[in-house]
Amino acid sequence: MTTHEIEPLFRTACELAVRYRTGAPNRPPRAAAVDQEAYAGFAGPVPESGEAAITTLTALAAAAGPGLHDTTGDRFFGWIIGASHPVGVAADWLTSTWGQNPGLHFSGPAGAAAEKVAGDWLLDLLDLPREASVGFVTGATMANFTGLAAGRSEVLRRVGWDVEADGLQGAPRVRVLLGEAAHSTVFAALRYLGFGRNQIETVEADANGIMDADDLGRRLSAGGPALVVAQAGQINTGGFDPFEEIAAHCRRAGAWLHVDGAFGLWARACPDRYRLTRGLELADSWASDAHKWLQAPYESGFVIVRDRAVHRRAMSISASYLPSQDWCHNPADFSPELSRRARGFAIWALLKHLGRDGIADMVSRHCALARRIAARLARVPGIRVLNDVVLNQLVVTFGEGPHGDRMTREVIEEIQRRNAVFVEGARWQGREVVRISVISAPLNGTSADRLCEEILAAWQTVEARQTAAVPAQ
Ligand SMILES: *Cc1c(COP(=O)(O)O)cnc(C)c1O
């Protein structure tokens with residue numbers, strides 16, 4: 001493309017972006033086109049010959065529009081999804097514009113340097129060992145994978161087995177223990193590492209999804225190479241495992257302790273939530289996401305490993321055409337990929353823009369909003385908040401007895417039909433529940449009140465329908 005063609009194309013992209021992010025404050029949060037309808041704008045035969053760049057770009061925006069959930073607005077409480085902060089988005093445009101490959105310092109000096117500095121800043125903000133290494137990955141799934149790969153390598157090395165050289169087949173058995181309420185992606189990460197679902201031992205958890213440390217201690221007493229996965233921020237309840245006790249058991253047994261803190265790790269950046277994470281710093285590795293509480297655009301996860309040499313042993317890639325410069329930071333030594341997006345630019349920009357105070361205030365505000373929503377809903381007969389709201393997550397049921405699950409599902413349908421706010425459901429402790437996540441940057445008191453009003457209106461509708469269906473005795 002020539003300079004003449006690039007300019008109007010980039011201006012069009014900018015205009016489309018500005019219109020999307022500023023033009024529709026009352027846009028319904030749920031996509032208009034879901035399921036098969038989401039395909040409509042994209043479907044068609046393979047393009048045989050090309051077309052003008054701007055035509056393609058406007059066609060993309062038109063095709064995507066109806067199928068976009070408004071996750072960046074102030075009405076979205078579904079799932080744990082950050083809001084792609086404008087500063088991160090703008091940094092991301094530049095990242096794509098520059099086309100850097102930060103795998104090695106040699107191939108992308110600025111990208112590698114931004115990751116090193118952003119990584120050091122994260123260690124400080126999250127108050128984790130300053131000498132630890134940080135790897136930037138797509139999300140917490142791969143961050144869990146990387147932390148557990150380091151753990152697998154180290155617990156096997158301690159019994160004289162080199163998994164990097166000799167693989168897993170024929171290796172001494174490695175036990176894997178995690179809480180019953182662990183996130184599904186931890187099981188996926190373990191599967192990629194050679195640990196099948198039936199080989200994982202689940203440790204009892206309480207009604208908040210918190211691991212029973214005594215049960216873990218009993219199980220670990222048998223000894224042998226072991227990986228333990230604890231969590232900071234259970235996906236439904238936001239609960240935190242008792243890290244101090246868990247870490248003591250792991251230390252005694254020589255087990256590797258990994259913490260899945262996809263969103264909950266950010267509690268450490270917030271003075272009024274910090275206490276929830278006590279003992280978390282005693283772990284060996286930690287996984288988190290920048291595309292959740294830091295509001296970075298996707299894809300943005302990171303892994304932290306206490307022992308840099310172990311991290312590097314598990315992940316480094318070398319080839320004769322890739323010069324190794326030992327004096328500098330080569331990001332590919334700390335993540336499973338070689339060529340990839342320069343993720344450090346957006347994270348660096350967001351950390352600089354928000355600052356320590358801005359991050360702490362946002363996390364604190366979200367948690368306060370979650371408590372406010374819980375207090376308001378819990379006052380209403382028929383509505384129960386099942387979890388202890390320690391963070392940003394709520395788990396709510398509607399109606400009791402044999403119709404409770406159906407009524408809860410109907411409340412979700414009614415909220416989504418009204419489409420003024422967005423929430424989704426899950427199964428938790430044997431019940432259908434509404435899950436509410438307060439994690440998106442634009443959420444404030446007004447959006448929390450709107451959420452409550454919408455939920456109460458939906459509950460009234462469902463309850464009235466139920467009363468009409470079941471005549472009073
Ligand atoms: C979101 C989440 C994950 C998975 O992270 P991705 O970024 O989707 O890969 C893992 N664990 C927990 C607790 C999560 O909230």
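Author: Before we start, a residue is near a molecule if one of its heavy atoms lies within 4 Å of that molecule. Keep in mind, too, that this is a predicted model.

Reader: Okay, which residues are the closest to the ligand?
Author: There are 13 residues around the ligand. By type, that shell divides into 4 nonpolar, 6 polar and 3 charged residues. The closest ones are Thr141, Asp260, Asp289, His291 and Lys292.

Reader: How far is an oxygen atom of the ligand from an N or O atom in the side chain of Thr141?
Author: A polar contact needs a pair of N or O atoms within 3.5 Å. Thr141 supplies such an atom from its side chain, and an oxygen atom of the ligand supplies the other. The distance between the two is 2.6 Å.

Reader: And how far does a polar side-chain atom of Asp289 lie from an oxygen atom of the ligand?
Author: Asp289 is also on the list of closest residues. With the cut-off for a polar contact at 3.5 Å, the pair formed by Asp289 and a ligand oxygen qualifies, at 2.7 Å.

Reader: What about Lys292: how far is an N or O atom in its side chain from an oxygen atom of the ligand?
Author: Lys292 is another of the closest residues. Here again an oxygen atom of the ligand pairs with an N or O atom of the side chain, and the distance is 2.9 Å.

Reader: How much of the ligand's exposed area does the protein bury?
Author: Start with the ligand taken alone, which exposes 380 Å². The share of that area buried by the protein is 85%.

Reader: Let's look at open space. How much of it lies in the largest pocket?
Author: The largest pocket is lined by 33 residues, and those closest to its centre are Leu16, Ala17, Tyr20, Arg21 and Leu68. Sorted by type, the lining has 20 nonpolar, 7 polar and 6 charged residues. The space in this pocket comes to about 1100 Å³.

Reader: Which element gives the largest share of the lining of the largest pocket?
Author: Three helices give two or more residues to the lining: H1 (3–22), H2 (53–64) and H3 (86–98). The largest share is 8 residues, and the helix that gives them is H1.

Reader: Is Ser288 buried or exposed?
Author: Ser288 sits in strand E6, which covers residues 285–289. A polar atom of its side chain is 2.9 Å from the backbone oxygen of Gly261. The relative accessible area of Ser288 is 0%, and the cut-off for burial is under 20%. So Ser288 is buried.

Reader: Which residues are joined by a cis peptide bond?
Author: Look in the loop between E6 and strand E7 (301–305), where Glu299 lies. Omega is about 0° at the bond in question. The residues joined there are Tyr298 and Glu299.

Reader: Asp35 is not a glycine, yet phi is positive. What is the value?
Author: You'll find Asp35 in the loop between H1 and H2. Asp35 counts as exposed because its relative accessibility is 64%, and exposed means over 50%. Its phi is about 55°.

Reader: Is Gln429 buried, partly exposed or exposed?
Author: Gln429 is in the loop between strands E10 (424–428) and E11 (431–437). Although Gln429 is not a glycine, its phi is positive, near 55°. Its relative accessibility is 47%, while buried means under 20% and exposed over 50%. Therefore Gln429 is partly exposed.

Reader: How far apart in space are Val433 and Ser288, C-alpha to C-alpha?
Author: Val433 is in strand E11 and is buried, at 1% relative accessibility. Val433 and Ser288 are 145 residues apart in sequence. In space, the distance is 25 Å.

Reader: How far apart in space are Ala374 and Leu394, C-alpha to C-alpha?
Author: Ala374 belongs to helix H11 (residues 344–378) and counts as buried, at 10% relative accessibility. Between Ala374 and Leu394 there is a sequence separation of 20 residues. Their C-alpha distance is 7.1 Å.

Reader: Last one: how far apart in space are Glu463 and Met315, C-alpha to C-alpha?
Author: Glu463 is part of helix H13 (residues 445–469). It is partly exposed, with a relative accessible area of 32%. Glu463 and Met315 are 148 residues apart in sequence, and the distance in space is 55 Å.

Note on methods:
Residues are numbered from 1 along each chain as its sequence is written. This is a predicted model: local features need pLDDT of at least 70, side-chain atom pairs count only at pLDDT 80 or more; totals for chains, interfaces and linings use all residues. Side-chain values use heavy atoms; hydrogens and water are left out. A polar contact is a pair of N or O atoms within 3.5 Å; within protein, one must be able to donate a hydrogen and the other to accept it, and residues adjacent in sequence count only if both atoms are side-chain atoms. Accessible areas come from the Shrake-Rupley method with a 1.4 Å probe; for residues, only the protein chains shown count as cover. Ala, Val, Leu, Ile, Met, Phe, Trp, Tyr, Cys and Pro count as nonpolar, Asp, Glu, Lys and Arg as charged, and the others, Gly among them, as polar. On a 1 Å grid over the protein atoms alone, a cavity is a set of points where a 1.4 Å probe fits but cannot get out, and a pocket is an open set with protein on both sides within 12 Å along at least five of seven lines; lining residues have an atom within 4 Å of a point. Grid points are joined across faces, edges and corners, and a volume is the space filled by probe spheres set on the points. Helices (H or I, at least four residues) and strands (E, at least two) are DSSP runs, numbered from the N terminus. Buried means under 20% relative accessible area, exposed over 50%, partly exposed in between (1.4 Å probe, protein chains only).
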